[in-house]
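Me: I would like to learn how to read a chain interface and a nonpolar core. Please take them in that order.

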Amino acid sequence: MSQPLTGIAASPGIAIAKAFRYAHAAIEAPQRAEVADCAAEAERFRSAVARAKTEIEAIRESTERRLGAAKAEIFEAHVMLLEDPDLVDAVLEQIENESANAEYALHEVTGMIVEMLRGMDSEMLRERAADVLDVSGRVMSHLLGRPYAALSGITEETVVVAQDLTPSDTAQLDMDYVRGFVTEIGSRTSHSAIMARSLELPAIVGAGKAAAGIPHGATIVLDAIEGRIVVDPSEAELAQYRTKKEAYDRRTAELKQLAKEPSISADGVHVELAANIGGVEDVAKALENGADGVGLFRTEFLYMGRSSLPTEEEQYETYRHVLDKMNGKRVVIRTLDIGGDKELPYLSLPKESNPFLGLRAVRFCLSREDVFRTQLRALLRASTAGKLNIMFPMIAVAAELRQAKAILAEERAKLEREGVPVAGDIEVGIMIEIPAAALNADYLAKEVDFFSIGTNDLIQYTMAADRMNDSVSYLYQPYHPSILRLVRMVIQAARREGKWTGMCGEMAGDLTAIPLLLGLGLGEFSMSASSVLPARELVKRLSRAEWERFADEALQLGTQEEVKQFVEQRSHA
Amino acid sequence: MLSETFTVIHPSGFHARPTKIFVHAATQYNCKVNLIKGSKKVNGKSSLGLLSLGLAKGDEVTLEVDGEREEEALRELGALLSKIYEE
């Protein structure tokens with residue numbers, strides 16, 4: 001009989017194996033007892049803590065050996081909890097001042113701490129309750145003279161089914177046999193969920209009480225793509241899920257391989273497929289997806305969601321971290337692009353009737369040099385950590401570019417006088433998103449190291465159609481020949497000066513646009529991280545020489561529909 | 001006594017790892033280390049205390065140090081509050 005259960009797919013994949021039920025022995029709330037010898041009781045508690053620490057230290061070492069230092073680190077935090085005055089001293093106080101028995105005092109203090117943590121706003125912090133329960137449970141087991149449950153004795157392929165898995169449980173999963181796990185409680189940010197993702201182990205969490213009904217030894221299908229669990233699947237279901245598992249595993253392996261490969265077209269042309277990021281938190285995803293670099297770091301997110309401007313030190317820390325993590329790959333950092341639809345309440349800028357045509361991006365920065373200089377100093381100081389490119393947004397005329405570059409040069413000179421090291425090879429470029437800049441690209445190209453075409457704004461300004469206004473959304477036409485001709489004009493202008501051109505709008509990751517853009521000679525495509533691998537797969541199949549000819553033909557056409565149809569026909573030919 | 005206010009910039013706030021590193025550094029000092037967010041003040045040498053502040057990205061937190069080598073403590077521990085940690 002099949003009974004589908006559902007839960008949160010916390011770590012993707014499919015597992016088909018026998019259920020292994022695992023539970024911590026229930027610890028009933030200990031009775032309050034009056035102890036006669038408080039000093040002895042305190043000593044008994046200290047010794048239980050010491051033994052728990054020794055055990056955790058052993059788990060830390062074995063985890064470090066099996067899974068690496070990063071995954072073992074959580075246990076350093078556990079050891080620290082067993083040294084924490086708010087836990088240990090609080091228990092000792094209850095024993096010494098109130099003659100409470102150690103079990104009772106530990107239970108009380110743990111309960112208070114867990115309640116406090118579970119009341120926190122941040123899910124990440126609520127999850128810390130699991131750490132406290134884990135260490136406290138271990139100390140309790142020593143006080144009671146019982147072994148703390150351990151996930152051992154698994155000798156065949158298994159999907160572990162538990163109410164919850166503590167950090168120490170998860171670290172001790174035997175990866176030779178465990179194919180996945182299901183828990184009744186938990187969320188995507190639970191320690192067990194995070195661990196499962198890094199071990200690439202399929203997992204469903206938060207499956208609820210229903211998961212408690214899964215019998216030990218029953219065959220189950222864990223579909224951690226959809227978040228479904230099938231208990232006792234029929235032959236037909238088994239066959240269906242085996243096929244699905246095979247396809248998923250094959251695709252995962254292909255993408256993993258692709259992530260390591262360079263971005264080269266079928267006729268040997270190297271391009272850069274880069275990722276757009278909004279902050280430090282996006283870097284890991286860019287790297288996992290094999291991005292060749294960061295083509296656009298939108299620094300405005302550093303300025304948003306707070307009540308004052310970020311300091312030079314805070315920005316430096318952020319830029320340095322991103323450059324360092326990208327490990328020598330190109331990182332294009334765009335200076336503050338505020339205004340338009342992005343406001344900073346703490347600057348209390350005057351309302352404008354046409355914010356998209358107003359004091360935004362570099363226009364704002366040039367009017368508030370203090371803000372601009374702080375950012376440039378932070379960028380220059382961070383430049384030694386990697387391959388930094390600085391990009392000014394919303395340049396319309398050469399004077400803006402010159403002014404921005406002059407300020408940058410002044411800040412560089414100041415830092416050098418102060419003896420602060422600054423990289424010598426920082427490339428400086430501009431975004432091309434205003435038609436005036438595109439039309440004047442041959443002139444601007446002499447004064448930059450690169451261009452990056454921002455298609456979202458370029459389309460809105462070329463079509464004179466607000467991209468936030470649904471009633472004119474039909475004018476958002478990336479394939480319109482007028483847009484493509486501007487793109488070609490920019491790429492050719494850069495090329496004549498020996499400079500490169502990238503693109504960081506939506507269009508750069510669009511699989512229909514990529515062949516055309518490659519044919520037009522675009523050198524860098526910056527997109528959301530999840531688009532990088534499909535784009536690389538496509539680029540590997542394309543011949544640039546062939547698409548140069550197709551692009552020439554496409555640009556002779558008159559409407560977006562004709563271009564799209566043409567590209568699709570050529571793509572599938 | 002010295003004090004200074006810092007802004008948290010670590011994307012996921014002060015969870016296990018940053019807390020562990022901060023508390024470890026704080027316990028190397030003999031001076032008192034307190035952290036204040038809004039009306040809540042905790043012992044900076046207690047990871048549970050620090051966790052209970054629920055420090056998230058963008059939060060302002062005041063570091064108060066009092067005693068031996070307080071200047072050095074303010075500098076080192078302050079930098080740890082406005083820092084991005086490895087994940």
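Me: How many residues of chain A are in contact with chain B?

Reply: Contact here means C-beta atoms, placed from the backbone, within 7 Å. By that criterion 31 residues of chain A are in contact with 24 residues of chain B. The model is predicted: local features need pLDDT of at least 70 and side-chain atom pairs pLDDT 80 or more, while totals for chains, interfaces and linings use all residues. Residues are numbered from 1 along each chain as its sequence is written, with chains lettered from A and ligands numbered from 1 in the order written.

Me: Which helix gives the most to the side of chain A that touches chain B?

Reply: Helix 2 of chain A, with 6 residues; helices are DSSP runs (H or I, at least four residues), numbered from the N terminus.

Me: And where is the largest nonpolar core?

Reply: In soluble globular proteins, nonpolar side chains tend to be buried together. A core is a set of buried Ala, Val, Leu, Ile, Met, Phe, Trp, Tyr and Cys residues joined through C-beta atoms within 7 Å; buried means 20 or more other C-beta atoms within 10 Å of a residue's own. The largest core has 148 residues, and Phe525(A) is one of those touching the most other members. Helix 19 (residues 481-496) of chain A supplies its largest share, 8 residues. This core lies between domain 1 (38-144) and domain 3 (261-522 + 529-571) of chain A, because both give residues to it; the bounds come from an automatic or database domain assignment.

Me: What share of chain A counts as buried?

Reply: Of its 573 residues, 45%.

Conventions: Two residues are in contact if their C-beta atoms, placed from the backbone, lie within 7 Å. Helices (H or I, at least four residues) and strands (E, at least two) are DSSP runs, numbered from the N terminus. A residue is buried if 20 or more other C-beta atoms lie within 10 Å of its own, exposed if 12 or fewer, and partly exposed in between; C-beta atoms are placed from the backbone.
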